[in-house]
Amino acid sequence: MTTKSAWNITLAKQGWYKRNEIALTPWLFLIPGIVMFTMYVVFPIFQSFQISLFKWDGLGKLGTHGEYVGLANYEKLLTRDRSFNISLWNNLKWLIFYLVSIPAGLLIALFLNQAVRGIRLYKSLFFFPFVISQIVVGLVFTWFYDPQYGLFNGIIGFVGFEPINVLGDPGLATYGVIAAGVWPQTAFCMILYLTGLNSVDTEQVEAARLDGAKGMKMLWYVILPQLRPATFIAFVVTVIGSLRSFDLIAIMTNGGPFGSSRVLGFYMFEKSLSEYGFKMGYGAAIAVILFLIMMIFIGYFLWRTYQDEKAANQ
Amino acid sequence: MFPRPIEKSSRAWQLGYQAILPLVMLLWLAPLLAVALFSIRPDSDFIIGNYWGWPSSFEMIKNYGMVFGSAMPRYIMNSFMITIPTVIGAVALSCMTGFALGVYRFRGNLLIFFMFIAGNFVPFQILMVPVRDLTLDLGLYNTKTGLVLFHIAFQTGFCTLFMRNFIKALPYELIEAARVEGIAEWRIFWYVVLPLMKPAIAALSVLIFTFIWNDYFWAIVLTQGENTQPVTAGITSFNAQYRAMYHLMSAGSIIAALPPVLMFFLMQKHFIAGLTLGAVK
């Protein structure tokens, strides 16, 4: 009896914060992060949805200087804008060809997964392109493709082909830029797979070897299933990266020739902030469409994470 | 180990592998090596069309000296002044959010966690117009502070994902033991959890340094001119100034790319640990 009342007295003395400490602490720790993130990320997403319903040149406030046009921006985009179509198609090309990085990265990882002298340095050097900024990668590849003194034309000239102006050809420019993007992305996938290969279950591999599995069969039935987490991350990051492409296009082709290498992200920037005028509403509508496309993959990632969480809590 | 270790195959295979390694690497890095070669050539080589032959003279000091005599050092300084505060800010915020989401069970925990993850993946373009407006309203347009604040906020998404998963994997008994001792919650964060997070902090710092150093999009959206712009944006003005002077543009690009590269080679272990978290179960 006495101990219990003593307990109650100490509780009362402790004050409100102390009694609710466990419930309050996480919120106190979360507040700074949530405030910043809401202000700069969550809110702007909703604002962009709103702006996309207006005709607005970005001057003054949206409420007073913008003109509400409903879904007119979207209607124009989807029915009467050829540049939008080209950009959307190019996004699709990026998405598909960027995925080449995953098998390419696996191939290099398999090639480098040996224990010879100096292999660590080789691994670092292969990873090198990922560390360099996309701006420098873009410059490097622009010069690589240069019709006059680029290494690319040096090589194909050596084999006997006529020089090609890759970035000056509307049919080829996008592929040229994508190839530049695949270079660092492959390096990224390679490092994921190298780490994955490092933790492959040796006993399973030896057991499979005793059963006579080797080469492609071993890779497909024994190794790849164990590399699934690495493949998942590689897939998500590569897809998001492909839809986010901007830097390389801005540096290598500036969307050209004749707008043939634009993607949605670049076209949106051009419409909103470049010399072609400040069409913020129209730009926001393009951004919203890109966002919705990306939400498919973000949703997939969240769903997978949710499944993992549920499994971990059981 | 897969593929089968090369030591177990014949001597010829081993020698073949050792010989082919440097060749494949040269091929892989060819575009970069070409630029490195350009950057030590004299400009006369470009006039006489000697692009791929032996350089007629080595002008490394002269070319790189020209780069350091231009606005490039300013841009590099700006990059540091943007990158370092961002790293500190984003890591500090995410240590806290990661702790809150990784240690406590409360309603909305997973929802908040998912908000951070989803936000970290959105396309920049959907944030562009509102963030530019917000920065203008705060009077921070064309300042390093404006850029840093945005970077901190945005990177908090990725960093929270990283930190929360790291903390979740720590032994929970440590925290329970501390609670039994009657230690205040904030002290548990400071004296129990934070010391254990050192490897995660190191890994994240290196990663965020590289991400922010290499940012181009926000640099051109939120800043202009050599007083504020980082080197990724500065290199384009540099190139406009030295148009068609390939030896200088190459040297400039190499200088711009150097800090993250050094960072990577010095902190390789942490860098790769950060990048591959979650890639292995």
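These notebook entries record what I looked up in a two-chain model, from the chain interface down to single residues.

**Conventions.** I worked from a predicted model, in which local features need pLDDT of at least 70, side-chain atom pairs count only at pLDDT 80 or more, and totals for chains, interfaces and linings use all residues. Residues are numbered from 1 along each chain as its sequence is written, chains are lettered from A and ligands numbered from 1 in the order in which they are written, and side-chain values use heavy atoms, with hydrogens and water left out.

**Entry 1: chain A against chain B.** I began with the contact between the chains, where contact means heavy atoms within 4.5 Å. I found 105 residues of chain A and 104 residues of chain B taking part. The two chains bury about 9,600 Å² between them, with 77% of it on carbon and sulfur atoms. Buried area is here the accessible area (1.4 Å probe) that two parts lose on being put together, summed over both.

I then asked how many salt bridges the rule finds across the interface of chain A and chain B. The rule requires a side-chain nitrogen of Lys or Arg within 4 Å of a carboxyl oxygen of Asp or Glu, and it finds one. The partners are B:R164 and A:E309, at 2.9 Å from N to O. For polar contacts I noted 14 residue pairs between the chains, both residues at pLDDT 80 or more. Such a contact is a pair of N or O atoms within 3.5 Å; within protein, one must be able to donate a hydrogen and the other to accept it, and residues adjacent in sequence count only if both atoms are side-chain atoms.

On the side of chain A that touches chain B, helix 2 (residues 21-51) of chain A gives the most, with 23 residues. Helices are DSSP runs (H or I, at least four residues), numbered from the N terminus. By class, that side of chain A holds 76 nonpolar, 19 polar and ten charged residues. The classes take Ala, Val, Leu, Ile, Met, Phe, Trp, Tyr, Cys and Pro as nonpolar, Asp, Glu, Lys and Arg as charged, and the others, Gly among them, as polar.

**Entry 2: domains of chain A.** Domain bounds come from an automatic or database domain assignment. For chain A the assignment gives domain 1 (43-80 + 279-314) and domain 2 (93-266). I recorded 30 Å between the centres of these two domains of chain A, taken over C-alpha atoms. Nine residues of domain 1 of chain A meet ten residues of domain 2 of chain A in contact. The area buried between them is about 980 Å², and carbon and sulfur atoms give 91% of it. A:L290, A:M294 and A:F297 supply 50% of the area that domain 1 of chain A buries against domain 2 of chain A, more than any other three residues. I found zero salt bridges between these domains of chain A and zero residue pairs in polar contact (both at pLDDT 80 or more). The side of domain 1 of chain A that touches domain 2 of chain A has eight nonpolar, no polar and one charged residues.

**Entry 3: domains of chain B.** Chain B is divided into domain 1 (6-58) and domain 2 (68-275). Seven residues of domain 1 of chain B and five residues of domain 2 of chain B form the contact. The domain centres in chain B are 34 Å apart over C-alpha atoms. About 510 Å² is buried between domain 1 and domain 2 of chain B, 78% of it from carbon and sulfur atoms. The rule again returns zero salt bridges across this interface of chain B.

**Entry 4: two buried residues.** I asked whether A:I240 is buried or exposed. At 4% relative accessibility, A:I240 counts as buried, the term meaning under 20% relative accessible area (1.4 Å probe, protein chains only). A:I240 lies in helix 13 (residues 228-243) of chain A. Beyond its neighbours within four places in sequence, A:I240 is in contact with A:M294, A:I298 and B:F121.

In chain B, I turned to B:N239, which lies in helix 13 (residues 231-241) of chain B. B:N239 is buried, with a relative accessible area of 10%. Not counting residues up to four places away in sequence, B:N239 touches A:L139 and B:M249. Other buried residues of helix 13 of chain B include B:V231, B:I235 and B:F238. Their cover includes helix 8 (134-145) of chain A, together with helices of chain B, among them helix 5 (72-103) and helix 14 (246-266).

Key:
Helix = DSSP H or I, 4+ residues; strand = E, 2+ residues; numbered from the N terminus. Buried < 20%, exposed > 50% of the residue type's maximum accessible area, 1.4 Å probe, protein only.
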